[in-house]
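Colleague: Please take a close look at the ligand site in this model. Walk me through what surrounds the ligand, then add what else stands out along the chain.

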Amino acid sequence: MPALSNTSHRKPMVGQDLDALVTPAQGDWPRYTTPLRLGVMASGSGSNFEALFAATQQHLDATIEVLVVNNPGCGAQLRAERLGVDCIVHDHRQYTNREDLDSALVSTFEAAQVEGVVMAGWMRIVTPVLIGAYQGRLINIHPSLLPSFRGLDAVGQALKAGVRLTGCTAHIVTAEVDTGPVIAQAAVPVMDNDDHQSLSERIHRQEHRILPWAVALKGRDWKAQG
Ligand code: GRF
């Protein structure tokens, strides 16, 4: 048996330039018989919405038919205006309960004849009204490697726990928050000098990669179901 090279252990196990491990990572971007019609929901800055839009201009065979926001004037709405995407405001403060808000969302998406809906930073809990109308066709992006760090401030939770790897997850939405079937994940290293902002930014960059990819993968199933 040849002797192990004693230089091998001097190589770093993980290079500092390693951005993320994405999985599933193999496969071509699918083309469909007709472009996938998408609805998108966002509450905040909307960087995931814009990444999704950018993907539709390149390798994602889809169109964003409508963006729904719940915070008038939020970054996502401003991005939609700049990108020329229809944007509807359903301000949650105008609805007496979560179900009524979700009914309004369903009406908007049905009118736009979307085949799937993407929660791209939607900061409200959704109800069976929306989940049932788009069963298996509602995708969420969450800034952790689920099932770790569900719920609010997943990045803060990861920093507090002292994990060396965290990441992001695109998953199907089911009744219990942040628990539905995983579609794609990116594992992101936590660096020694990371703070909340630097780690959030590194995770965000990966969200922008895996969310369009997850939509493309599920789109195949949605098209097959008709
Ligand atoms: C993302 O971190 C996403 O994981 C979470 O909300 C954030 C939205 O960011 N659900 P942005 O508005 O897309 O920039």
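Modeller: Start with the make-up of the shell around the ligand. Its residues divide into three nonpolar, seven polar and one charged. This is a predicted model.

Here is the full list. Ser 45, Gly 46, Ser 47 and Asn 48 are around the ligand, together with Gly 121 and Met 123. Ile 141, His 142 and Pro 143 belong to the list too, as do His 204 and Glu 207.

Now the polar side chains. An N or O atom in the side chain of Ser 47 is 2.6 Å from an oxygen atom of the ligand. For Glu 207, an N or O atom of the side chain is 2.5 Å from a ligand oxygen. His 204 places a polar side-chain atom 3.0 Å from an oxygen atom of the ligand. The ligand taken alone exposes 370 Å², and the protein buries 87% of that.

Next, the location. The ligand sits in the largest pocket. Three elements give two or more residues to the shell: helix H1 (47-56), strand E6 (138-142) and helix H6 (196-225).

Away from the ligand, look at the charged pairs. Side chains of opposite charge can pair when their charged atoms come close. The structure holds nine salt bridges. One of them joins the side chains of Arg 37 and Glu 65, at 3.3 Å from N to O. This pair links distant parts of the chain. Arg 37 is in strand E2 (residues 36-42), and Glu 65 is in strand E3 (residues 62-69). The two residues are 28 residues apart.

The backbone has some points to check as well. Thr 23 and Pro 24 are joined by a cis peptide bond, with omega about 0°. Pro 24 lies in the loop between strand E1 (21-23) and E2. Strand E2 is also where Arg 37 of the salt bridge is found. Another cis peptide bond joins Leu 146 and Pro 147, and there omega is about 15°. Pro 147 is placed in the loop between E6 and helix H5 (154-161). Strand E6 is one of the elements that give two or more residues to the ligand shell.

Finally, Gln 113. This residue is not a glycine, yet its phi is positive, about 50°. Gln 113 is in the loop between helix H3 (98-111) and strand E5 (116-119).

Terms used. Residues numbered from 1 in each chain as written. Predicted model: local features only at pLDDT ≥ 70, side-chain atom pairs only at ≥ 80, totals over all residues. Heavy atoms only, no water. Near = heavy atom within 4 Å. Polar contact = N/O pair within 3.5 Å; in protein donor to acceptor, adjacent residues only side chain to side chain. Areas by Shrake-Rupley, 256 points an atom, 1.4 Å probe, with all protein chains shown as cover. 1 Å grid on protein atoms, 1.4 Å probe; cavity = no way out; pocket = protein on both sides within 12 Å on 5 of 7 lines; lining within 4 Å. Sits in = over half its atoms within 2 Å of the grid points. Helix = DSSP H or I, 4+ residues; strand = E, 2+ residues; numbered from the N terminus. Nonpolar A, V, L, I, M, F, W, Y, C, P; charged D, E, K, R; others polar. Salt bridge = Lys/Arg side-chain N within 4 Å of Asp/Glu carboxyl O.
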